[in-house]
Amino acid sequence: MDLLAAVFLAPIANMASNPEFVLEVVIGGLLAGVMYSLVALGFVLIYKASGVFNFAQGTMVLFAALTFVGLIERGVPIWGAFVIAAAVMVLLAVVVERLMLRPLVNQEQIILFMGTIGLAFFLDGFGQLVWGADVHPLDIGIPKAPLIIGGVLVNEFDLVAAAVAASLVAALALFFQRTPIGRALRAVADDHQAAQSVGIPLRSIWVIVWSVAGVVGLVAGIMWGSNLGVQFSISLVALKALPVLMLGGFTSVPGAIVGGLIVGVGEKLAEVFWGSAFGGAIEDWFAYALALVFLLFRPQGLFGERIIERV
Amino acid sequence: MTASAPDTFPKLLLEHARLRPDRPANREKDYGIWQSWTWAEVAAEVEALAGGLSAMGFRRGDKLAIIGDNRPRLYWAIAATQALGGVPVPIYQDSIADEMAFVLDHAEVRFAVAEDQEQADKLLAIKERCPLLETVIFSDPRGMRHYDQLFLHGYASVQERGREFAHDDRGFFAREIAKGRGSDIAIILYTSGTTGRPKGVVLTFDNIISTGQNALVFEGLTNREEVLAYLPMAWIGEHIFSYAQAYCAGFCASCPESGATVMSDLRELGPSYFFAPPRIFENILTQVMIRMEDAGWVKRKLFHYFLGVAKRVGLPILDRQRVPFADRVLYWLGNGLVYGPLKNTLGLSRVRVAYTAGEAIGPDLFTFYRSLGINLKQLYGMTESSVFLCIQKDGEVKPDTVGRPIKDVEIRVAQDGEVLFKSPGAFQGYYRNSEATAETKQSDGWVHTGDSGFFDGDGQLKIIDRAKDVGRLERGSLFAPKYIENKLKFFAWIKEAIVFGDGRPFVAAFLNIDLEAVGDWAERRNLAYASYQELAAQTAVYDLLQGCVERVNRDLAAEPAVATSQIRRFLILHKELDADDGELTRTRKVRRRIIAARYQPLVDALYSDQPAGRIETEITFEDGRKGRLRAELGIRDVPTSLPMVEPVAFKKAS
Amino acid sequence: MKRIGEPILTVDAISLAFGGITALSGISLEIRRHEILAMIGPNGAGKTSMLNVINGFYYPQAGTITWKGETRRHMRPYQAAAQGIARTFQNVALFKGMTTLDNIMTGRLLLMRRNFLWQAIHFGPARQEELAHRTNVERIIDFLEIQAIRKIPVGRLPYGLQKRVELGRALAMEPELLLLDEPMAGMNVEEKEDMCRFILDINEEFGTTIALIEHDMGVVMDISDRVAVLDYGRKIADGPPAEVRISPEVIAAYLGQQADPHPPGDGMGGG
């Protein structure tokens, strides 16, 4: 009886008595969700264009952030570090295409998946070898002062991060919908053979999507790192992206964004209002529970292409 | 040109080119973009074509046939022909070669303008049979490269010749146009008669311009209207809306990209003046409903809720009557959320005047559009009257009338119920068919419409049937089968209806249920059925249809002219009427006589006092095999309503 | 009348095997400029494999391909597309989520002057160019009479229309050689007639060389200038339709496969 009350009554009463606080939690959740969205976006891009589930996405975020922070620690100015780190991610994309995708083309999906696991371990080790295994604090000058907007407490840093993420998403959407190369990317995502028959070079497309995913990862890594410091745990963010993908669908860009926001808000609310009922640390598994429930009712995700087999 | 108002279309064209040279006159969607031509440009195009035709030997009085989909170039061919004192003869583009040969031959056509290879091929196929046909001009050169016949010319090359011709004789075009008189023949339109050969209706400029002008004034239409020219060019309605009235008022007529894109072109264009036969309005509604069924539930709920609001208050608002403030707010909200977006996707958001005519329109369908705020109205007219005889006035619109006679039109109903008219738009006669002319047009100017009708209490004309189908009940009162059948068919449950009564003591009916609608209805009530025959025989289904019949009877009772035609007995046929069995035409019109003969025992049963009828019929299965179907069908007696003594008072009370 | 010219593509002694299965064994074939060549043969005869070799999807183990005077061991898909070879597929390979318009626009990708990366970062001049390509695509849409489905995602179209869109995408590449893999499969009579007309018009109006695979003998006899017959990875006949039709080897091949007493004329090769 007590447990039931703790799960169903107390949190609701708590929420009702303190609407401003709920709003703060929701906003905090949205801002955290933006990060999940960015990482999930990297997954979706690569999955759509090359059919590969990139296990290394999280490590790529870490690797990009490490490179960035390492360069800054060696006295490179912020913008220079960003450009160089982005270039490194493009280079990584070229290498991945050469050494992994090209030899494994036309293999089973599971083989490619294994390839990305290998890539994850390699990047992890290589990154620590080059830049060391310590926690690197990162400050790129975004103010972290709390702000009060309309009676609601908001972290200024979170606002900036959200704005950056939003503009990145907008730029990507424009890129995909409005440019010929975006059209080529969509074409490849739809049908490899047909894309080849109109002369779309698959390999260049792979390099481009892996580069884009790398740069998106870089941005995510910088934002995350500025908040918590650049450290190994960043790569675990990828684990949060998984439920986001289940929610949003593996092939949908808007799905990745909305899914990220839902997970962000959901787990913050759960932690704050239900945490005590379950003895805390709800945040770690809540997203998975949510995704599982979702899988039962809508296996293709919120925005995923409906699974229709046509004859 | 004289100082008086222009009395021919070419004169109107010149006037618009002078008064509003930069306003659009025609548009056509081509290569995905709306291309447009201003009045000045159209005048130049028409001049070039006229010059070319003249150089090729076209003389005053020559006929020029026009065959194809709605294209600006084909409309210009009409104007060019009229400018040279010739007579355009548009031909239905889906005519088979035989029908085309008849018209070409009968109208003594010397020149023809074909839209494309398809039409040109038809002309080539019949050229031998039409010795008078000398020259064929094609508009779209695609696929025509290997045609080497000397009488074939590209539209552009004819215009090129025309420009050279004009170079030598600058005043030619204006001079030729000035020779035209309002009393000259403007056009010959062949009507596809249901029986016998088509007849060529001869109309003068005076006929068309005076009628078109009167209707423009009646509706307050201006040179800013937009119309979509999408119905066959050989049909008088299309000619009036997209050519005659466009030239009278100076508004723009736009041609769709192709027959298949009409709906999306309509949406992009958003016409302000629109005509469509009832079946098109029906198709649009069906599409909307299907799409709503696929929509999410929030959207669907909103949609149905606000449609309900529209049904309740939409009509009074459109007719500018007093409506409670709260309803007004709701309707306004609905307009923002549902009606507006809906009208927008249908391309009807800018419509000021929309007409439907040609056949009866279901009252639900009609009020659906009106309740959304679309000013849909009915009119009455025909080729022989240059269209407009009656139009419904704003604020006096009813689903089952066609309005009052417009200015200068006189209508009277003869003893036998046939509608006759006198109008400045009345045709000159049928081309080379004085016999048919004499039958239709009396020497005193009255023209027989062949329609049966009467004026209702408000002085609006009501058309009930073709005069030849109208009979008499045993006691001599009027019996108009189609009028009653249409009323029955407006119910979704009833797919076909055949009523009997000519020479009989009362009216009785065969009904066909709509398998889809009634099947759905039955499923929701858990009524089991295995076949059409089983469903049709259910008592519950009989009850359902009896309700419909009783409502029709109440309607009929309210109209003195047909109050005695109430249905006393009906039965539901055990099989669907089928074109394969010869019971329907291919266009799904019932073949009354064949059905009566075939189901004679059932007709007899209806007029006996038996509670059921027996029948054995031969049917054709889908694979072509024949079989016999035996059935015993129940017959229902239906209570009739008392004829209303004062129909006018009844209307006020409701 | 059109003039059939010198060979534009020559495949010489091509052999192709997958594992132990031989798909093509020592086939030589010419495709001449401006002609319509039909490849026929029972299922599994190697017709589609031949197309895949020509446009670079398969690399043959032996033999050479000579395209416009240049001899190679094999083509690559990108190379084939860039040098004017376009194709359609037996089972329609369209970008299902994209509209008709976007699908056909992909056919223009290689003709866009500015390279990929430039387009990715620059909007101005690329816009201008996009417009020019759009005009071109609109002409194809007009030519194939598919205006009404311009903005509809192709996944929602009926099969016959999808085939037409696929043809449009190939045409947008302005190919010199058009490879059509069973362009009329699964169509009704009316759709087949339309497709025949389009193929003939493309051949006549643009002078495009066409190699097609087709099972409907009536169609093959009507529209092709030359017929090559393949059987078990070999070419057993090659010549004008009228000659091939009565060739004893061809009749034998079909008889052997189907035990059908009728000479090739109607419905052979199905199954």
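Which helix of chain B is Asn335(B) found in? Helix H13, residues 325-346. Let's start there. Keep in mind that this is a predicted model.

So, Asn335(B). Is this residue buried or exposed? Asn335(B) is buried, because 20 other C-beta atoms lie within 10 Å, and 20 is the cut-off for calling a residue buried. What does Asn335(B) touch, leaving out residues up to four places away in sequence? Gly340(B) and Gly373(B). For a sense of distance, take Met56(B). That residue is 279 residues away from Asn335(B) along the chain, and their C-alpha atoms are separated by 57 Å.

Gly373(B) leads us to the next helix. This glycine sits just after H14(B) and takes a positive phi of about 95 degrees. H14(B) itself covers residues 363-371. Its buried residues are Phe366(B), Thr367(B), Phe368(B), Tyr369(B), Arg370(B) and Ser371(B). What covers them? The cover includes two helices of chain B, H11 (278-294) and H12 (297-318), and also strand E14 (376-382).

Staying in chain B, look at strand E18, residues 418-422. The side chains alternate along this strand. Val419(B) and Phe421(B) point to one face and are buried. Glu418(B), Leu420(B) and Lys422(B) point to the other face and are not buried.

What does E18(B) pair with? Take strand E17, residues 410-413 of chain B: E17(B) and E18(B) run antiparallel, joined by 4 bridges. Arg412(B) has Leu420(B) as its bridge partner in E18(B). The hairpin of these two strands has 4 residues between them, and Gly417(B) there takes a positive phi near 95 degrees. Then there is strand E20, residues 447-455 of chain B, which pairs with E18(B) over 3 bridges, again in the antiparallel sense. Leu420(B) stands opposite His448(B) in that strand. As a reminder, strands of a sheet pair through backbone hydrogen bonds, either parallel or antiparallel.

Now the cores. The largest nonpolar core has 183 residues. Among the residues with the most contacts inside it are Leu13(B), Ile66(B), Ala112(B) and Leu511(B). Take Ala112(B). Sequence neighbours up to four places away aside, Ala112(B) touches Leu64(B), Ala65(B), Ile67(B), Leu123(B), Leu133(B) and Val136(B). A second, separate core has 171 residues, and these include Val272(A), Ala45(C), Tyr58(C) and Met173(C).

On to chain C. An open sheet of 4 strands has the order E2-E1-E4-E5, with antiparallel pairing. Which strands are at the edges? E2 (21-32) and E5 (70-72) of chain C, each pairing on one side only. Neighbouring strands are turned by 15 degrees against each other on average, direction ignored. E1, residues 7-18, and E4, residues 62-67, pair over 5 bridges. Asp12(C) stands opposite Thr64(C) in E4(C). Helix H1, residues 47-54 of chain C, packs on the sheet and touches E1, E2 and E4. The direction of H1(C) makes about 115 degrees with that of E1(C).

How is chain C divided into domains? The assignment gives domain 1 as 1-84 + 175-271, and domain 2 as 100-174. Their contact takes 10 residues from domain 1 and 10 residues from domain 2. On the domain 1 side, helices H2 (77-82) and H7 (189-205) of chain C each supply at least two residues. H7(C) gives the largest share, 3 residues. By class, that side has 8 nonpolar, 1 polar and 1 charged residues.

Last, the chains together. Of the 2 pairs of chains that touch, A and C have the most contacts. That contact takes 19 residues from chain A and 25 residues from chain C. On the chain A side, helices H7 (180-190) and H8 (192-197) each supply at least two residues. The largest share, 7 residues, comes from H7(A). The chain A side has 9 nonpolar, 6 polar and 4 charged residues.

Between chains B and C, 7 residues of B are in contact with 10 residues of C. The chain B side divides into 2 nonpolar, 4 polar and 1 charged.

And chains A and B? No contact joins them, and their closest C-alpha atoms lie 14 Å apart.

Conventions. Residues are numbered from 1 along each chain as its sequence is written. Chains are lettered from A and ligands numbered from 1 in the order in which they are written. This is a predicted model: local features need pLDDT of at least 70, side-chain atom pairs count only at pLDDT 80 or more; totals for chains, interfaces and linings use all residues. Domain bounds come from an automatic or database domain assignment. Ala, Val, Leu, Ile, Met, Phe, Trp, Tyr, Cys and Pro count as nonpolar, Asp, Glu, Lys and Arg as charged, and the others, Gly among them, as polar. Two strands pair if DSSP finds at least two bridges between them. Axes are lines fitted to C-alpha atoms, for helices over the stretch in contact, and angles run from 0 to 180 degrees between N-to-C directions. A residue is buried if 20 or more other C-beta atoms lie within 10 Å of its own, exposed if 12 or fewer, and partly exposed in between; C-beta atoms are placed from the backbone. A nonpolar core is a set of buried Ala, Val, Leu, Ile, Met, Phe, Trp, Tyr and Cys residues joined through C-beta atoms within 7 Å.
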